[in-house]
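Colleague: Please take a close look at one part of this model for me, the place where the two chains meet. Then work outward from there.

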Amino acid sequence: MSGERIRTEGEVEYRFVHPDDFREHVRDRKGRAPVRKLLSAADAVSAFVKDGDYLVYDFSSLTRGPQAMVREVIRQRRKDLWIGAEFTLHESSLLVGAGCASRIDVGFLGYGSYIGKAVSAGRVRVYEWTNGGLALRILAGARGVPFLPCRDLLGSDNMKFSAARTLPDPYTGDPVCVVPALNPDVAFIHVHQADETGNARIFGTSLFAFEAALASFRVVVSAEEIVDADEFRKEPMRTTIPFFLVDAVVHAPFGAYPGAMPARYEIDLEHVDRLNAIGTEEQMRGYLEENVHSVADHDEFLDRRVGAKRMRELRRRATIVEGYR
Amino acid sequence: MPETVEFTDTEFMVAQAARLIEDGKTVFVGWGIPQVAAMLAQKLYAPDVIQLYEFGAVGPQPVLPFVRGTMGGPQNTYRSLQWLDMNRAFAFSAAGYMDYGMLGALQVDPYGNINSTFLGGTYSRPERRFAGSGGGNQVASHCWRTIIVMKHEGRRFVPKLDFLTSPGYLDGPGAREKAGLPRGTGPYRVVTSKALFGFDPSSLRMTLLSVLRGVSVREALDGMAFRPQVAEEVGEITPPSPDELRVLREEIDPGRIILRGERMTATG
């Protein structure tokens, strides 16, 4: 099988950490005290994101993505990142275009022509896990097991171009697919509300926010709103992530812009059109210069590139609040 | 006198796909055209269909009009019964609760295998790279019946895919089971902008079932890079009805984000 051949040549790399190594990190390096972890995006990236890191995020550039954090990573010119790209849309284009990312584990790759061309030109390596495959890898990482079995990927070429494997099921003897646990270096999770210690609430659906927080070495939560810690104890059912999984909290109103934050503001479709239209290196450089490098931080980006009037308009367009309380 | 109806190839695909969605059943909905087809079905034929989305919306009643970029956004998750995440969304199909899955495709082969990853070249240097599986692999692996919706272009029907992203019947009878996929699952229909295909129960090969009124069998098969089986009696598909076109154009996609396409005509 060609997949086996490729694997033995070592071309299908995959990120894997022994579960015991991850557990020891959690034992020794994750603080349990409810201390104040509020940082600027710049300080959070500088402290918690290193060159070569494996990065995951929830959800996408169109919905509740950690866009303020992604722009800060670009601003700080991180290199050689490996992205766990379940549902990645413009983020992967920008991170590749900015020279920050060199490898992508693919669920759903991109939007717009830029990323497709980058793959064809060999400027970024991609591995085919599928959305469900990546979600299961994160779940395995969150459970402290080396792999999890599934009945996806079987018979497909995704099996050959990921490091998923087919094994005989020890119970039935039938073939079963296994995917290796994924313990990312960093998870970015943008939330509706957080307190200063890192308790966090997401209102709405998610990809794997809770599992990614459990599975990742370092967790940076960016939040639309900082609320009092006591709020979480009043309504524990609404807590998505408890504070002791979280390393840093960044207050980032409009942090998902130009994507939507359910019940808070709508997608800026005009801005998204500009992202979709990026096809050349020159257009990419122009976009990044205007929206990332020429502004000092997220606040200045909102002030000078988005503006109060636009933000008011996007808030007004978010008419669906039902369910998001 | 029968009137001439004008519509786009996309409108026809969406209308056809919507007619296949059964009321009171579950459907795992993929990105783009399947979303719009599910909305049309829910509006006209299947008010109690349970839509499921991979980002965790269970049984939403998505807001009209369709807003592009809303995969996962509030319009798309509106009035859900439950909000979950991806591992739990895929549990519904893995456990056997999803009657239908609906997916788009770049290429399809005679056994209903789907490519949505790349065209031309090699995996590491593709001529044209696309989104890849997304959740398509999980949908095609686990839903009882998978419906593929695709523009009727001969070059998309290939004897061999450039990449097998989502499994159909693989290389024929017994292959899915042998690979370890759940028994009793697989592709059910291929909806195109000219015709409707099913799969022969014994050979599991794609079979032309019916064509749009006014399109001949020869025309439907013309240019297809493989020759499908042809049903003994090829049926006739009625063009989009005034109701279907009205709901699509006025309520679901007035901005013609999804519905634009090649102009077609048929007698109504």
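**The interface of chain B and chain A**

Modeller: Across the interface of chain B and chain A, the rule finds two salt bridges. Note that this is a predicted model. One salt bridge pairs B:Arg129 with A:Glu128, and their closest N and O atoms are 2.5 Å apart.

Now the contact as a whole. Chain B brings 52 residues to the contact, and chain A brings 49 residues. Between them, chain B and chain A bury about 4200 Å². Carbon and sulfur atoms give 56% of that area. On the chain B side, the most area is lost to chain A by B:Trp83, B:Asn87 and B:Tyr123. Together these three make up 16% of what that side buries.

B:Arg68 also touches chain A. Its place is the loop between strand S4 (57-58) and helix H3 (74-77) of chain B. B:Arg68 counts as partly exposed, because its relative accessibility is 25% and the buried class ends under 20%. Setting aside neighbours within four places in sequence, B:Arg68 is in contact with A:Ile267, A:Leu269 and A:Asp273, and with B:Ile257 in its own chain. From the C-alpha atom of B:Arg68 to that of B:Gly104 is 16 Å, with the two positions 36 residues apart along the chain.

Next, a pocket with residues from both chains in its lining. The second largest pocket has a volume of about 880 Å³. Its lining counts 39 residues, and the closest to its centre are A:Glu211, B:Leu84, B:Asp85, B:Met86 and B:Arg88. Chain A supplies two or more lining residues from each of helix H7 (131-143), strand S6 (147-150) and helix H8 (209-215). Chain B does so from helix H4 (86-94) and helix H5 (136-142). H4(B) gives the largest share of this lining, seven residues. By class, the lining has 20 nonpolar, eleven polar and eight charged residues.

Back to charge pairs, now within the chains. Over all chains, the structure holds 37 salt bridges. One of them joins A:Asp185 to A:Arg15, with the closest N and O atoms 2.8 Å apart. This pair links distant parts of the chain, 170 residues apart. A:Asp185 sits in the loop between strand S8 (175-180) and strand S9 (186-194) of chain A, and A:Arg15 in the loop between helix H1 (2-8) and helix H2 (19-29). Both A:Asp185 and A:Arg15 are buried.

In chain B, the side chains of B:Glu153 and B:Arg155 meet in a salt bridge at 3.2 Å, N to O. B:Glu153 counts as buried because its relative accessibility is 18%. B:Arg155 counts as exposed because its value is 59%.

Another salt bridge brings B:Arg213 and B:Glu236 together at 3.1 Å, N to O. B:Arg213 lies in the loop between strand S14 (206-212) and helix H7 (217-221) of chain B, and B:Glu236 in strand S15 (residues 229-237), so the pair ties together parts 23 residues apart in sequence. B:Glu236 is exposed, at 53% relative accessible area. In chain A, salt bridges with shared partners join A:Glu13, A:Asp80, A:Arg103 and A:Arg125 into one network.

Last, B:Thr146. This residue is in strand S11 (residues 145-150) of chain B. B:Thr146 counts as buried because its relative accessibility is 2%. Beyond neighbours within four places in sequence, its contacts include B:Gly101, B:Leu103, B:Val139 and B:Tyr188.

Note on methods:
Residues are numbered from 1 along each chain as its sequence is written. Chains are lettered from A and ligands numbered from 1 in the order in which they are written. This is a predicted model: local features need pLDDT of at least 70, side-chain atom pairs count only at pLDDT 80 or more; totals for chains, interfaces and linings use all residues. Side-chain values use heavy atoms; hydrogens and water are left out. A salt bridge is a side-chain nitrogen of Lys or Arg within 4 Å of a carboxyl oxygen of Asp or Glu. Helices (H or I, at least four residues) and strands (E, at least two) are DSSP runs, numbered from the N terminus. Buried means under 20% relative accessible area, exposed over 50%, partly exposed in between (1.4 Å probe, protein chains only). Contact means heavy atoms within 4.5 Å. On a 1 Å grid over the protein atoms alone, a cavity is a set of points where a 1.4 Å probe fits but cannot get out, and a pocket is an open set with protein on both sides within 12 Å along at least five of seven lines; lining residues have an atom within 4 Å of a point. Grid points are joined across faces, edges and corners, and a volume is the space filled by probe spheres set on the points. Ala, Val, Leu, Ile, Met, Phe, Trp, Tyr, Cys and Pro count as nonpolar, Asp, Glu, Lys and Arg as charged, and the others, Gly among them, as polar. Buried area is the accessible area (1.4 Å probe) that two parts lose on being put together, summed over both.
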